[in-house]
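This report is intended for a reader meeting the structure for the first time. It proceeds from the interior to the helix packing, the strands and two single residues.

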Amino acid sequence: MRAVSPWRGWIVVAAITASACTSATSITGVTGSVPPSQLTVRQTGFLDTLERRTFNWFWERSDPNNGLTPDRWPTKSFSSVAAIGFALTAYPVGVERGYVSRANAAQRTLNTLRFMYNAPQGSQAMNVTGYRGFFYHFLDMQTGYRFEQVELSTIDTSLLLGGVLFCQSYYTGADPTEAAIRAYADSIYLRVDWPWAVHTPSVVSMGWKPENGWIPADWRGYDEGMIVYVLALGSPTHPINPGGWVEWTQTYKWADFYGQSHVNFPPLFGHQYSHIWIDFRGIQDAQMRAHGMDYFENSRRATLAQHAYAIENPGQWRDYGENIWGLSACDGPMDATVTIDGRARTFHSYTARGATEGDIRDDGTIAPTAAASSIAFTPEIAIPAIREMSRRYGSNLYSTYGFLDAFNPTLRTADQLKHGRVDPALGWFDVDYLGIDEGPIVAMIENYRSGLVWKTMRKNAHVVTGLKRAGFTGGWLP
């Protein structure tokens, strides 16, 4: 069983219509974007296939009775609470795309919510799923109990809640199943004791363990933790003080990187996760008002900067370029240094890779989710990238459930290999699909194509309240 890295344990568990792609919904505008209506037949067909395959991972690998979604597959693993949130988000996408019936998706959703609500919560170390409304990062796939000694995770709980609240706003029918979905969703969210997690004044802790208390790390911006604060502020039962958002934004790192001025954070998942459920186009908090932009534009710039970094390729990694790019949290081949072409190269297993001003975390390992999940921000570079990855590497990388988690064209030796497999001619390839990297792909493709998740979540009163308490104004906010 692989170890849980600090990034994975503490930080990881961070569509629009044709006209919206080029409209002024982003404060600074979006240049170079490709509306879905202007895609070629082949591009549209590829997105159809990728979205369907990725959806199928959640539908076929999640337990239909308790809703638990594995962290990864086919390697046997525990369930990831965040992956459950992504599964709940994927199910309505499947309904709208005609992959599954609304009745079947609603029943699967209700089974999941009922199980998560009724699962035991308590302060003891074993035989519980969570405490004070929060959930443990990983759960046993059979029992749903805490896996080993993982932390009670505020970010993984928040990513679960993103899916929970999306389902609350999507399933609006009067029949008993959809009515029960809304009731369970509300109950799961309302019982979360957010102020209890404010261990340091105003800021939310990353997690807690019954063995030794609070993790020595808090959510301070900028990263995927935006959704933590929006949900913590929006709670009608246990909200935190609005000063938490101010503390969160005070640690932003504004910098220029490859010609793009933005709030820096190295891995692209931090620029994607919160955006899956919250449409940040055209709405601004104090930080964004001061800089004349919005968080959607910030993510677009972060993606463009990383793309430019890959084209320049200062580390001289194999295959990096115009259509082979994307650094994020993902699997890797090993934790070792090997000599390649006369040069010592250090590789890592699971870690958060990324590139930003003064902080480069790059060992030549590319995560397809980094480009694919940026499609809503930068379709003009994301779509060519994922098509080229699937074409160039074939079934080594793109298979039954879409993209396997990661690949590294530079590493072509199996010596000291910890995970995955090596093709001597093409490099290292992962053998697993990861839920937290599959989820953003299907959700953000759908946001790009139809805006489904964004438009649905604009109607969620809890999210709207959280944004307003954080000081957001303008755009679609009522």
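In this predicted model, helix α7 (residues 226-234) has 9 of its 9 residues buried, so it is largely enclosed by the rest of the structure. The buried residues are M226, I227, V228, Y229, V230, L231, A232, L233 and G234. They pack against α5, α6, α8 (243-250), α9 (273-277), α11 (295-312) and α16 (461-469).

**The nonpolar core**

In soluble globular proteins, nonpolar side chains tend to be buried together. In this model, the largest nonpolar core has 158 residues. W194, W245 and L467 are the residues with the most contacts inside this core. Helix α3 (residues 81-97) gives the most to the core, with 10 residues.

The surroundings of L467 can be listed in full. Apart from its neighbours within four places in sequence, L467 is in contact with V230, I278, F280, I283, F472, W476 and L477. One of these contacts, V230, is among the buried residues of α7.

**Helix packing around α6**

Two packed helices are described by the angle between their axes and the distance between the axes. Helix α6 (residues 176-190) packs with helix α4 (residues 102-118) at an angle of about 30 degrees, and their axes are 9 Å apart. The crossing of these two helices is left-handed. On the α4 side, the contact is formed by R102, A106, Q107, T109, L110, L113, R114, M116, Y117 and N118, which meet T177, E178, A180, I181, Y184, A185, S187 and I188 of α6. Sorted by class, this contact of α4 with α6 contains 10 nonpolar, 5 polar and 3 charged residues.

Helix α5 (residues 154-170) also packs with α6: their axes come within 8 Å and cross at roughly 145 degrees. The crossing of α5 and α6 is likewise left-handed. Here L161, V164, L165, C167 and Q168 of α5 meet I181, R182, A185, D186, I188 and Y189 of α6. By class, the contact of α5 with α6 has 8 nonpolar, 1 polar and 2 charged residues. Three residues of α6, namely I181, A185 and I188, take part in the contact with α4 and in the contact with α5.

**A buried serine in α5**

S158 lies in helix α5. With a relative accessible area of 0%, S158 is buried, because residues under 20% count as buried. Not counting residues up to four places away in sequence, S158 touches W194, I227, V228 and L231. W194 is one of the residues with the most contacts inside the largest nonpolar core, while I227, V228 and L231 are buried residues of α7.

**Sheet and hairpins**

An open sheet of 5 strands runs in the order β3-β4-β6-β7-β8, with antiparallel pairing. β3 (130-131) and β8 (213-214) stand at the edges with a single partner strand each, so one side of each is left without a neighbour in the sheet.

The table sets out three antiparallel strand pairs, each with one residue pair.

| Strands | Bridges | Paired residues |
|---|---|---|
| β7 (residues 207-209) and β8 | 2 bridges | K209 and G213 |
| β9 (residues 254-257) and β10 (residues 260-263) | 4 bridges | A255 and H262 |
| β12 (residues 336-340) and β13 (residues 343-347) | 5 bridges | V338 and R345 |

The hairpin of β9 and β10 has 2 residues between the strands, and Y258 takes a positive phi near 50 degrees there. The hairpin of β12 and β13 also has 2 residues between the strands, with D341 at a positive phi near 55 degrees.

In a regular strand the side chains alternate between the two faces of the sheet. Strand β12 shows such alternation: A336, V338 and I340 point to one face and are buried, whereas T337 and T339 point to the other and are not.

**A loop residue and a distant partner**

P74 lies in the loop between β1 (72-73) and β2 (79-80). This proline counts as partly exposed, at 44% relative accessibility. Along the chain, P74 and Y433 are 359 residues apart, yet their C-alpha atoms are separated by 7.3 Å. Leaving aside neighbours within four places in sequence, P74 is in contact with V431 and D432.

Methods: Residues are numbered from 1 along each chain as its sequence is written. This is a predicted model: local features need pLDDT of at least 70, side-chain atom pairs count only at pLDDT 80 or more; totals for chains, interfaces and linings use all residues. Side-chain values use heavy atoms; hydrogens and water are left out. Axes are lines fitted to C-alpha atoms, for helices over the stretch in contact, and angles run from 0 to 180 degrees between N-to-C directions. A crossing is left-handed if the near helix is turned anticlockwise from the far one by less than a right angle, and right-handed if clockwise. Contact means heavy atoms within 4.5 Å. Ala, Val, Leu, Ile, Met, Phe, Trp, Tyr, Cys and Pro count as nonpolar, Asp, Glu, Lys and Arg as charged, and the others, Gly among them, as polar. Two strands pair if DSSP finds at least two bridges between them. A nonpolar core is a set of buried Ala, Val, Leu, Ile, Met, Phe, Trp, Tyr and Cys residues joined through side-chain atoms within 4.5 Å. Buried means under 20% relative accessible area, exposed over 50%, partly exposed in between (1.4 Å probe, protein chains only).
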